[in-house]
Amino acid sequence: MANKGPSYGMSREVQSKIEKKYDDELEERLVEWIIVQCGSDVGRPDRGRLGFQVWLKNGVILSKLVNSLHPDGSKPVKVPENPPTMVFKQMEQVAQFLKAAEDYGVTKTDMFQTVDLFEGKDLAAVQRTLMALGSLAVTKNDGHYRGDPNWFMKKAQEHKREFTDSQLQEGKHVIGLQMGSNRGASQAGMTGYGRPRQIITEENDGLQQVREGTRLQFASCSNHWTLLPFASSHVSEGWAPWPACLICQALSWSVSIC
């Protein structure tokens with residue numbers, strides 16, 4: 001680790017959350033890939049965050065890793081014969097790896113900062129950069145990747161389509177779905193706007209049977225009295241004189257004019 005004092009308070013809480021993002025299982029996979037990709041001469045680090053950081057800190061192994069993904073004669077990073085011991089030389093070597101990884105295709109959002117590795121601030125970001133680099137190597141499939149392809153996920157690739165001029169002209173006569181469609185679902189069988197829904201429950205069904213059993217027959221309900229059969233619990237069974245208009249309104253019976 002760098003010669004840096006401990007954190008306290010809010011800074012310590014933030015650093016603790018960052019350290020929890022580090023994946024020990026992912027570390028083992030990345031170590032195996034780097035050894036297979038670069039060769040056994042790179043050695044093997046001690047397990048854990050500190051061992052992983054010390055192993056990659058001087059930037060030499062990272063430079064060998066990105067160089068192994070390029071053909072001979074076009075290595076992007078110059079690797080010194082003797083590993084650098086001075087701090088600024090080590091940080092410069094890591095910066096060269098980051099530049100080569102970005103040129104290889106790793107997005108800036110997946111790149112770690114030099115201090116994330118050198119000072120151990122965010123080793124999970126280092127893992128994320130190496131995962132993105134391995135995914136690109138598997139996706140390109142140019143023969144330079146070594147190792148199990150299942151270690152990384154392939155990135156989505158574009159699938160360009162080319163159309164002739166006649167096909168483009170025919171497409172102008174097609175109505176886009178965003179403009180609506182006259183196919184598929186329709187309003188066939190639906191009631192008109194403003195009409196109530198016909199909801200039939202058991203209670204309404206029984207009332208409907210009473211309506212059908214009792215037929216109201218009259219010529220006119222205006223100022224007339226008539227004798228009507230009743231099948232209601234509020235009125236004793238039999239015939240009773242009632243105004244037909246009041247009966248129609250109070251009981252809401254269906255009336256058929258004969």
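User: Which residue caps the N-terminal end of α2?
Analyst: This is a predicted model: local features need pLDDT of at least 70, side-chain atom pairs count only at pLDDT 80 or more, and totals for chains, interfaces and linings use all residues. Residues are numbered from 1 along each chain as its sequence is written, and side-chain values use heavy atoms, with hydrogens and water left out. The cap is a polar contact (a pair of N or O atoms within 3.5 Å; within protein, one must be able to donate a hydrogen and the other to accept it, and residues adjacent in sequence count only if both atoms are side-chain atoms). A side-chain oxygen sits 3.1 Å from the backbone nitrogen of glutamate 25, and its owner is aspartate 23.

User: How far apart are the end C-alpha atoms of α2?
Analyst: Helices (H or I, at least four residues) and strands (E, at least two) are DSSP runs, numbered from the N terminus. The expected span is 1.5 Å times one less than the number of residues. For the 15 residues of α2 that gives 21 Å, and the model agrees: the end C-alpha atoms are apart by 21 Å.

User: Which residue just after α2 takes a positive phi?
Analyst: The phi is about 110 degrees. The residue is glycine 39.

User: Which helices do the buried residues of α2 pack against?
Analyst: Buried means under 20% relative accessible area, exposed over 50%, partly exposed in between (1.4 Å probe, protein chains only). Among the buried residues of α2 are Leu26, Leu30, Trp33 and Ile34. With contact taken as heavy atoms within 4.5 Å, these buried residues pack against α3, α4 (60-67) and α7 (123-140).

User: How many aromatic pairs does the structure hold?
Analyst: Rings of Phe, Tyr and Trp (its six-membered ring) pair if their centres lie within 6.5 Å; planes under 30 degrees apart count as stacked, over 60 as edge-to-face and the rest as tilted. On that test the number of pairs is 5.

User: Why is the pair of tryptophan 33 and tyrosine 145 stacked or not stacked, and at what plane angle?
Analyst: The ring centres are 6.2 Å apart, and the planes make an angle that puts the pair in the stacked class. The pair links helix α2 to the loop between α7 and α8 (165-171), 112 residues apart. Tryptophan 33 is buried at 0% relative accessible area, and tyrosine 145 is buried at 16%. The pair is stacked because the planes lie at 25 degrees.

User: How many salt bridges does the whole structure have?
Analyst: A salt bridge is a side-chain nitrogen of Lys or Arg within 4 Å of a carboxyl oxygen of Asp or Glu. A search of the whole structure gives a total of 6.

User: What N to O distance separates arginine 44 and glutamate 32?
Analyst: Arginine 44 is in the loop between α2 (24-38) and α3 (49-56) and glutamate 32 is in helix α2, so the pair ties together parts 12 residues apart in sequence. Arginine 44 is exposed at 52%; glutamate 32 is partly exposed at 32%. Their side chains form a salt bridge at 2.9 Å.

User: Which residue meets lysine 99 in a salt bridge?
Analyst: The N to O distance is 2.8 Å. Both partners lie in helix α5 (residues 87-104), 4 residues apart, about one turn of the helix. Lysine 99 is partly exposed at 48%. Its partner is aspartate 103.

User: Over which ring does the charged end of lysine 140 sit?
Analyst: A charge sits over a ring if NZ of Lys or CZ of Arg is within 6 Å of the ring centre and within 35 degrees of the ring normal. The charged end of lysine 140 is 3.5 Å from the centre of the ring of tyrosine 104.
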